[in-house]
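The following paragraphs lead through a predicted model. Charged side-chain pairs are taken up before the sheet and the helices packed on it.

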Amino acid sequence: MQERIRKELETVTADGLGGDIVSLGLVSDIVVNDGKVIFSVTVPPGYTGDISDLRSRAEQAVAQLDGVDSVLVALTQERSEQFDPAQT
């Protein structure tokens, strides 16, 4: 099932990054359990595309697969600099 999900996510492009979210290495942690699919999409620093649209397109691509009842996409964003909690 995970391979089918990856294959479907190859149809989802990330605006301005020149490729699909799988080929760009943005998809990780695909978990499938009783028809529920959860996966992460990491948005690179400086991404200027519509993050909500990216999430929606990824959800829709996976939701249409046979055997999928629900989809949850966790969006994460890489930091361009190391986070220092002492500076907050």
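Two kinds of detail matter for the salt bridges: which side chains meet, and how accessible they are. The structure holds 2 salt bridges. In one of them, the side chains of Lys7 and Glu10 come together with an N to O distance of 3.6 Å. This pair counts as a salt bridge because the limit between a side-chain nitrogen of Lys or Arg and a carboxyl oxygen of Asp or Glu is 4 Å. Lys7 has a relative accessible area of 52% and is therefore exposed, the class that begins over 50%. Glu10, at 33% relative accessibility, is partly exposed.

Asp53 forms a salt bridge with Arg57, and here the closest N and O atoms are 2.8 Å apart. Both residues belong to helix H2, in which they are separated by 4 residues, or about one turn of the helix. Asp53 is partly exposed, its relative accessible area being 30%. Arg57 has a relative accessibility of 22% and so also counts as partly exposed, since buried would require a value under 20%.

From the side chains, the description turns to the backbone pairing. Strand S3, formed by residues 27-33, and strand S4, formed by residues 36-43, run antiparallel and are joined by 5 bridges. Across this pairing, Ser28 stands opposite Ser40 in S4. The hairpin of S3 and S4 leaves 2 residues between the strands, and Asp34 in this hairpin adopts a positive phi near 50 degrees.

How are the strands ordered in the sheet? The order is S3-S4-S5, in an open sheet of 3 strands with mixed pairing. S3 and strand S5 (70-77) are the edge strands, each pairing on one side only. On average, and with direction ignored, neighbouring strands of this sheet are turned by 15 degrees against each other.

Two helices complete this account of the sheet. Helix H1, which comprises residues 2-9, packs on the sheet and touches S3 and S4; the direction of H1 makes about 135 degrees with that of S3. Helix H2, which comprises residues 51-63, also packs on the sheet, where it touches S4 and S5, and the direction of H2 makes about 145 degrees with that of S5. The helix that carries the salt bridge of Asp53 and Arg57 is thus in contact with two strands of the sheet, S4 and S5.

How values were computed: Residues numbered from 1 in each chain as written. Predicted model: local features only at pLDDT ≥ 70, side-chain atom pairs only at ≥ 80, totals over all residues. Heavy atoms only, no water. Pairing = 2+ DSSP bridges. Axes fitted to C-alpha atoms, helices over the stretch in contact; angles between N-to-C directions. Contact = heavy atoms within 4.5 Å. Buried < 20%, exposed > 50% of the residue type's maximum accessible area, 1.4 Å probe, protein only.
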